[in-house]
Protein chains: 2
Amino acid sequence: MSRASDRAYAAIRSMILSGELPAGAQLGEEALAERCGVSRTPVREALRRLETDLLVLRTDTQRSFVADWSIDDVADAFDLRARLESMAARRAAERMTPEALDRIRASNRALEVAIRRPQPDIEGFLEANREFHAAILDTAGSRRLAALLGTLIEQPVVWRTAHHYSREALHRSHSEHEELAAAFARRDGAWAEAIMSSHILRAYHAYADAHRGIGLVDEAKAAE
Amino acid sequence: MSRASDRAYAAIRSMILSGELPAGAQLGEEALAERCGVSRTPVREALRRLETDLLVLRTDTQRSFVADWSIDDVADAFDLRARLESMAARRAAERMTPEALDRIRASNRALEVAIRRPQPDIEGFLEANREFHAAILDTAGSRRLAALLGTLIEQPVVWRTAHHYSREALHRSHSEHEELAAAFARRDGAWAEAIMSSHILRAYHAYADAHRGIGLVDEAKAAE
DNA sequence: CGAGAGACTATTGTATACAAATCGGGTTGG
DNA sequence: CCAACCCGATTTGTATACAATAGTCTCTCG
């Protein structure tokens, strides 16, 4: 993270995820370089990475813009994620080791701690959730699968609305993770695959419900 | 393709696919720049792109090497491709239009022409095959899915051994494509998904058989 | 004889200058 | 009034110089 291009990547990415750079905004290399305090060279690298993440779109004439995520795009991303992560779960179950299982269970305990409080710690929840899924992906042992999933996790819109998840939804995540751990303990690939698929798709509908309920008001707040 | 970075990308990629740069070879930016007749700047961009294609691997200290593809890697890639392309086929079937169907059928006619000759035209087969799958992917209408599949098609080892496919295998590809077109004509997503999945997995085993049969001799020929 | 420190070399990272392409606006001719 | 065109302003692409970092070899000391 000490390299200028990494800092530029993190900075620009954060500006997009937070809505500071709204969807459709043009991303001039010079302007970004100034905002990030580096030269254009690392900014260009960062933009290319963000482009493969599909957070940035380029026109046919090489101008960069913040990608906008329609409802369909989000549904699409969840659909893909459900397929790929359930595949990862199956592979992980088949390759499960005691150490990997410990790591997976530990991250779910951390998740439980984050949500069992008067005011749920959403950041803590997100971090534990990330670690849980990362542990599974590592255990799946496919560089290629990891590379593909890398561009699907941490979607901007989802990230922005995670704070609106109900307490019930958070607890459901925890119990589904527990069930996954049970499937892993038994090395049952088909079971793990099925749970993961429904886990992701349920998360999608939780997101969709929250988004519908809040609607454009939320978008307006996020943009300010 | 007139940009120096595109030329560098194409040149380096081709050197890797042809085996001119063998697996494990270090990719120094300076050396590549000289071989491609451009400066390091576009070479760096090309290397980053090849890295996301997983054709190039970087160490923790930022040195680039030609990735080597073990049998497991290839199996992995086919497994992923089968999942994603069958998903594309389902979506394409659900969104099929007369125009898209025409395009798909036309590319399969081109494929038939290429293989119905005394000496099959493998380059023509590959091109028609590419167009056939591209037409389906376009019809599926998911930018994200297209982006993910982009890194999975045209795998180096597969490309190198396509010339060893039997005439029978080529004809089977053609008839499976015909069956896909039938599923598309009926807009039967489940059928299209199933055919595509078996189509890809059959292609994998055709590759695996050819590779096993030819073995190291083929690798040696490709390296010269 | 092996391990570690140091200097030297090779390689990558960043900044900057300049070249090439693109965009926007205003003008002109139909 | 609209379209096409041209030119200045802006933006991106490439080359190059220099800085920083990693790798390698040798020399010395235990």
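Of the atoms of DNA strand C within 4 Å of the protein, what share belongs to sugar or phosphate? The share is 69%, and the rest belong to bases. Before the close-ups, a word on the model: it is predicted, so local features need pLDDT of at least 70 and side-chain atom pairs count only at pLDDT 80 or more, while totals for chains, interfaces and linings use all residues. Residues are numbered from 1 along each chain as its sequence is written, chains are lettered from A and ligands numbered from 1 in the order in which they are written, and side-chain values use heavy atoms, with hydrogens and water left out.

**View 1. Chains A and B around their rotation axis.** Turn chain B by 179°, with 0.0 Å of shift along the axis, and it superposes on chain A with an RMSD of 0.2 Å (a least-squares fit on the C-alpha atoms of residues with pLDDT of at least 70 in both copies). The two copies are thus related as by a two-fold rotation axis. Both use the same surface: 100% of the contact residues of chain B recur in chain A (contact means heavy atoms within 4.5 Å). In chain B, the residue that comes closest to the axis is B:L148, with its C-alpha at 3.2 Å.

**View 2. B:L84 and its contacts.** Skip the neighbours within four places in sequence, and B:L84 is in contact with A:L80, A:L84, A:L148, B:L145, B:L148, B:L149 and B:L152.

**View 3. The surface near DNA strand C.** Here 18 residues surround the strand, and the closest are A:A4, A:S39, A:T41, A:T61 and B:R44 (near means a heavy atom within 4 Å). α3(B) gives the most to this surface, with 3 residues. Look for the phosphate oxygens: one is 2.9 Å from a backbone N or O atom of B:E29, and one is 3.0 Å from a polar side-chain atom of B:Q62. A polar backbone atom of B:L27 is 3.4 Å from a phosphate oxygen as well.

**View 4. The surface near DNA strand D.** Again 18 residues surround the strand, with A:R40, A:R44, B:A4, B:S39 and B:T41 the closest. Of the strand's atoms within 4 Å of the protein, 67% belong to sugar or phosphate. A polar backbone atom of B:A4 is 2.4 Å from a phosphate oxygen, and one of B:S5 is 3.3 Å from a phosphate oxygen. A:R63 has a polar side-chain atom 3.3 Å from a sugar or linking oxygen.

Key
Polar contact = N/O pair within 3.5 Å; in protein donor to acceptor, adjacent residues only side chain to side chain. Helix = DSSP H or I, 4+ residues; strand = E, 2+ residues; numbered from the N terminus.
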